[in-house]
Amino acid sequence: MTGAFDREAVACFRFVGCAFDPATGEARLAYAFDDGPELVETVILPGAPFALDATRAPAVEHALRLLHLVAGVSYYKAAVPECIRIDGYGIDAATAALLEDVYLHGLGEFAYRNALDLHGRIRFPVEGPAEAGVGPGAGSAAGGSHGRAPAAGLSSHALVAIGGGKDSLVSIEALRAAGIGQTVAWVGGSQLIRACAERTGLPTLNIQRQLAPELFEYNRQGAYNGHIPVTAINSAILALAAVVLGVDQVVFSNERSASYGSLIEGTGEVNHQWSKGWAFEQAFAAHLRSHVAADLRYYSLLRPLSELAVARQFARIDRYDGWFSSCNRNFHLLGERPTSRWCGVCPKCHFVFLALAPFMPKPRLVAIFGRNLLDDRSQLGGYDALMEYRDHKPFECVGEARESRAAMAALAARPEWREDAVVARFRGEILPQLGGEALEIAPLLVPDPEHGIPDGVWSRLHAYFAA
Ligand SMILES: CC(=O)N[C@H]1[C@@H](OP(=O)(O)OP(=O)(O)OC[C@H]2O[C@@H](n3ccc(=O)[nH]c3=O)[C@H](O)[C@@H]2O)O[C@H](CO)[C@@H](O)[C@@H]1O[C@H](C)C(=O)N[C@@H](C)C(=O)N[C@@H](CCC(=O)O)C(=O)O
Ligand SMILES: Nc1ncnc2c1ncn2[C@@H]1O[C@H](COP(=O)(O)OP(=O)(O)OP(=O)(O)O)[C@@H](O)[C@H]1O
């Protein structure tokens, strides 16, 4: 491939190579289409130089390769060719199966919006036996690998991903309450995330990430573009950071509701937040243990909780009211920064306002958002989609439709909310059509037993979450 980027002319996507320099903390991830220019993404861990002993160095190499393979999704999507090549190292069948899952499901929304069918198209080449350093018996399918990589001598400490929204702040406060040592870590240059991280008063770790600049040029030249599984990428970055720093836990804050997508007529389920779901968490955690380090734990602290349960927890703390935002418009790499932390018109603003409303005094909530979204008729369509009323759930990180309906039903019974435009319309038009649907909030607040939180952590936390 030479000259301008022509997605139809691409034959092969290549993983060209990757390297980590412990002296500078820089990871270099290189890709290419055919014999075109190298596309180099960089990730920089602060705190270099790092001393990696003989136990940790192989774990770092395997975490680096995993990051190289996962982060490739940003570039692969530009042309989605049938041929994938990995230069420089081979991968085993378990790794190929994990990646095929991450690319297929993580690009689910991308494929739907671009009218592409990626089923059966994404095949990672398996070359040779299990990767070096991988313990005997490494399994054969994503999530099914029960082998173990050697332990890397990691110390007990949690690297907790912080995203500037309510979810990670709930986890951070829960871990603090349980007395678990933590460093709050984020990827990228967001000032909003930095402000929240500093507000926690805990040690912080800001990892820089620079996408290959050619990708943006390819986008201008007509590359396929769309959503990617960014949580999978951030997870792989934090896993690399954990083994480089020698700590044993990578903690995310993905709630139970993230495992459910939008039901699209004629297409089926498409999950915008697939890499925040339970299937990804299980597969990735197992893969880290079998292919990176047996003593590395990856889990989501909020997996047992619904979005409403997370909102209830968040409402218990007011320390972050003037700092946090769940509105994704704050987090673009390119383009303008919004002037307000809450745009007030996107699905996340709609949902977070609704989810917090049953658990917070109204004046506090309105002060956080600077307005009352539930008393604004122009927001009716947005709330209909959240409740899956005449529309599908939006492609965004929002709770299940039954959670939105239950929250709305609770507000419909509250004098301070029931006359507000969106709630009054729900009472008059939607509620009567819901027939026998159970609309109580309480059952949705019960922690789910399905999660990957280590026993020692969960035993200290479940009372906190149940309180
Ligand atoms: C902030 C945001 O929502 N961005 C999405 C948006 O991208 P846009 O072009 O408007 O701006 P940028 O974010 O600046 O991206 C510029 C281009 O770079 C590509 N890109 C970016 C990051 C990356 O890791 N790889 C990339 O290839 C991107 O394609 C842009 O062309 O629309 C895009 C297309 O739909 C989305 O891909 C952008 O989403 C970001 C990757 C992002 O960080 N989004 C999170 C706020 C997000 O949606 N999180 C999900 C979790 C989903 C998951 O499974 O992990 C959530 O919270 O639900
Ligand atoms: N830039 C980032 N660096 C590292 N982790 C991130 C980043 N952005 C989001 N995350 C993590 O990804 C997961 C999903 O993000 P999400 O946006 O749902 O969480 P949040 O920002 O904590 O809360 P909210 O849902 O209210 O926005 C969380 O664990 C979050 O900490």
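Reader: Is A115 buried or exposed, judging by the other C-beta atoms within 10 Å?
Author: This is a predicted model, in which local features need pLDDT of at least 70 and side-chain atom pairs count only at pLDDT 80 or more, while totals for chains, interfaces and linings use all residues. Residues are numbered from 1 along each chain as its sequence is written, chains are lettered from A, and ligands are numbered from 1 in the order in which they are written. With C-beta atoms placed from the backbone, a residue is buried if 20 or more others lie within 10 Å of its own, exposed if 12 or fewer, and partly exposed in between. A115 has 6 other C-beta atoms within 10 Å, and therefore it counts as exposed.

Reader: Which loop holds A115?
Author: A115 is not a glycine, yet its phi is positive, at about 55°. Helices (H or I, at least four residues) and strands (E, at least two) are DSSP runs, numbered from the N terminus. In these terms, A115 belongs to the loop between α4 (108-113) and β5 (155-161).

Reader: How exposed is D34, given its other C-beta atoms within 10 Å?
Author: D34 sits in the loop between β2 (26-33) and β3, and it has a positive phi of about 50° although it is not a glycine. Because 16 other C-beta atoms lie within 10 Å, D34 is partly exposed.

Reader: Which peptide bond is cis, with omega near 5°?
Author: The proline to look for is P49, found in the loop between β3 (39-44) and α1 (56-71). The cis bond, with omega near 5°, runs from A48 to P49.

Reader: Which element gives the largest share of the shell around ligand 2?
Author: Of the 20 residues around ligand 2 (a residue is near if its C-beta atom, placed from the backbone, lies within 6 Å), G163, G165, D167, S168 and S326 come nearest. Two or more residues of this shell come from each of α5 (166-177), β6 (182-187) and α8 (230-245). The largest share is three residues, and it comes from α5.

Reader: How many of the twelve residues of α5 are buried?
Author: α5 reaches 16 Å from its first C-alpha to its last, close to the 16 Å expected at 1.5 Å a residue, where the expected span is 1.5 Å times one less than the number of residues. The buried residues include D167, S168 and L169. The helix is largely enclosed by the rest of the structure, because the buried residues among its twelve number nine.

Reader: Which residues does A258 contact, leaving aside its neighbours within four places in sequence?
Author: A258 is placed in the loop between β8 (247-252) and β9 (262-264), and it counts as buried because it has 29 C-beta neighbours inside 10 Å. Contact requires C-beta atoms, placed from the backbone, within 7 Å. By that rule, A258 is in contact with Q273, K276, G277 and C397.

Reader: Between which domains does the largest nonpolar core lie?
Author: A nonpolar core is a set of buried Ala, Val, Leu, Ile, Met, Phe, Trp, Tyr and Cys residues joined through C-beta atoms within 7 Å, and the largest has 142 residues, with L67, A239, L240 and V243 making the most contacts inside it. α8 gives the most to this core, eleven residues. Domain bounds come from an automatic or database domain assignment. Since both domains give residues to the core, it lies between domain 1 (7-300) and domain 2 (307-445).

Notes: Two residues are in contact if their C-beta atoms, placed from the backbone, lie within 7 Å.
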